[in-house]
Amino acid sequence: MLEGPRKKNQDSDIESEFYTGRVKYTDSMADHYLKKSEGRRGPENAVLKRILEQYGIGETLLDAPCGVARVGALLNGSDFRYFGADYSRPMLERARERLKATTLRYDLLHCDLEQAPFGPRSFDTTLSLRFLHHLPTKTRSSVLHGLARVTDRLLVVTFFHPFSLHYVMRNCRSLLNMAKGGEPSGRYSHTARWLEEQVKPQGFRLSQVYPTGFLKETRYAVLERI
Ligand SMILES: C[S@@+](CC[C@H](N)C(=O)[O-])C[C@H]1O[C@@H](n2cnc3c(N)ncnc32)[C@H](O)[C@@H]1O
């Protein structure tokens, strides 16, 4: 697996690995995300709805990170309490506007998920969608520990397998770029087993993996506390 550049995050007092996903969600990116990227999430949304119907949400759901509250909008009309957490204020502003138009009971929090500021087992269900692939391995592992810690029952995350066509191509491009003196790709992949190994010591097991499509191959891993 290719590793990204190792720099300190400039905007943090905490010694942490650098990743662009932490700082790139500016105003213009937030608009882009809301208006353009969401149109491509139809198959992923459909699979998520199926997973949540099958496993049940419980009374509280943490969406970490929530981005522009794609999931909140998708689950409008449901009865659970929705908690959205994100580091980007522009993303949170758009999430807030969007959630106002729903019937959900919700709270939004600006926070760094490298230190999820919630008590142990605070949420019945935690979702972490389209996030882990932004994180270098050490940070990814520690963020997962944090998310498992605050989850009582169900942890659902998306990831890319290293042998997915999308990542094989990405890694080839990254190697070519590095050969020319450039930076490695700032996106990361891993197996579902790797995910399970991270959270097993906290009492979770990998319950199921769901694919969502052929070429882009985002996958969901469902991790359940036993
Ligand atoms: C690709 S978006 C995914 C948003 C949402 N989960 C979805 O699927 O629509 C990634 C999000 O991660 C957030 N993010 C990146 N690093 C973060 C951190 N350390 N703590 C909290 N949020 C972070 C970004 O601000 C951005 O909103």
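Seven helices and seven strands make up the chain in this predicted model. Read from the N terminus, these elements follow the order α-α-β-α-β-α-β-β-α-β-α-α-β-β. The chain has a radius of gyration of 17 Å, close to the 17 Å that the globule rule gives for 226 residues, so it is as compact as a globular protein of that length. The C-alpha trace extends over about 55 × 40 × 35 Å along its principal axes.

The packing of the chain can be described in two further ways. Of its 226 residues, 34% count as buried. Among contacts with a separation of 6 or more, 69% join residues that lie 24 or more positions apart.

The ligand has 16 residues around it, and Pro65, Gly67, Tyr87, Ser88 and Leu113 are those that come nearest. What classes of residue form the shell around the ligand? The shell comprises seven nonpolar residues, six charged residues and three polar residues. In that classification, Gly is counted among the polar residues, whereas Pro, Tyr and Leu are counted as nonpolar.

The confidence of the prediction should be considered alongside this description. The mean pLDDT of the chain is 89, and 91% of the residues reach 70 or more. Over residues 1-8, by contrast, the pLDDT is below 50. Beyond near neighbours in sequence, this stretch nevertheless has 22 contacts in the model.

Methods
Residues numbered from 1 in each chain as written. Predicted model: local features only at pLDDT ≥ 70, side-chain atom pairs only at ≥ 80, totals over all residues. Near = placed C-beta within 6 Å. Helix = DSSP H or I, 4+ residues; strand = E, 2+ residues; numbered from the N terminus. Rg over C-alpha atoms; globule rule 2.2 N^0.38 Å. Buried ≥ 20, exposed ≤ 12 C-beta atoms within 10 Å, placed from the backbone. Contact = placed C-beta atoms within 7 Å. pLDDT = per-residue confidence, 0-100.
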